[in-house]
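Q: I am new to this structure. Please take a close look at the backbone at its unusual loop positions, and set them in the context of the whole chain.

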Amino acid sequence: MTRLFDAVSAQDVAALLRCYHPEVTILESGELPYGGTYRGLEGALEHVRSFQAAWAPFMDRSQPLARSLTCDGEGTVTVAFRHQARSLASGRTLDEPEIGTYQVRDGLVIRSQMFHFEPAALCHFLSEESRPATDPHPPGAP
């Protein structure tokens with residue numbers, strides 16, 4: 001799990017994919033632009049690409065992703081962390097709690113599910129940052 005989170009922090013796709021079992025299932029909230037169910041290593045790669053398309057511009061690679069891990073001894077790992085993002089363009093920040101549960105088999109993640117406390121806040125941050133800095137058609141304009 002440490003390797004997985006280090007790979008996410010570094011945005012190292014190859015290292016991240018090496019953490020997944022060939023039969024991995026990744027579940028993300030359907031509310032998110034990269035939401036859905038991803039299966040197998042091809043699905044994991046699709047998830048990584050979709051996640052990075054949304055978040056890479058706002059991630060700070062210089063800071064490791066802070067997290068707290070708990071393992072039940074049966075192969076289930078629960079990770080509490082903060083989904084943090086910062087826009088260089090607007091200065092806006094996002095800091096939302098998140099929980100991930102992971103099933104591990106043979107030292108590899110076979111199932112990953114993210115639980116976002118406020119998925120709407122993540123969507124709002126992304127939608128606000130995708131808008132142009134100035135609206136060419138402000139409210140009330142003809």
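A: Here is the overall layout, followed by two loop residues.

This is a predicted model. The protein chain holds four helices and six strands. Read from the N terminus, their order is α-α-β-β-α-β-β-β-β-α. The chain has 142 residues, and 36% of them count as buried. Its accessible surface is about 8,300 Å². Carbon and sulfur atoms account for 52% of that surface. Take the contacts between residues at least 6 apart in sequence: 50% of these join residues at least 24 apart.

Now to the loops. Start with Gln11. This residue sits between helix H1 (2-10) and helix H2 (13-17). Its phi is positive, at about 55°, yet Gln11 is not a glycine. Is Gln11 buried or exposed? Its relative accessibility is 15%. Buried means under 20%, so Gln11 counts as buried.

Next comes Asp106. Its loop links strand E5 (93-105) and strand E6 (108-116). Asp106 also has a positive phi of about 55°, and Asp106 is not a glycine either. What is its relative accessible area? The value is 68%. Exposed means over 50%, so Asp106 is exposed.

Put the two side by side. Gln11 lies in a loop between helices and is buried. Asp106 lies in a loop between strands and is exposed. A positive phi of about 55° is found at Gln11 and at Asp106.

Terms used:
Residues are numbered from 1 along each chain as its sequence is written. This is a predicted model: local features need pLDDT of at least 70, side-chain atom pairs count only at pLDDT 80 or more; totals for chains, interfaces and linings use all residues. Side-chain values use heavy atoms; hydrogens and water are left out. Helices (H or I, at least four residues) and strands (E, at least two) are DSSP runs, numbered from the N terminus. Buried means under 20% relative accessible area, exposed over 50%, partly exposed in between (1.4 Å probe, protein chains only). Contact means heavy atoms within 4.5 Å. Accessible areas come from the Shrake-Rupley method with a 1.4 Å probe; for residues, only the protein chains shown count as cover.
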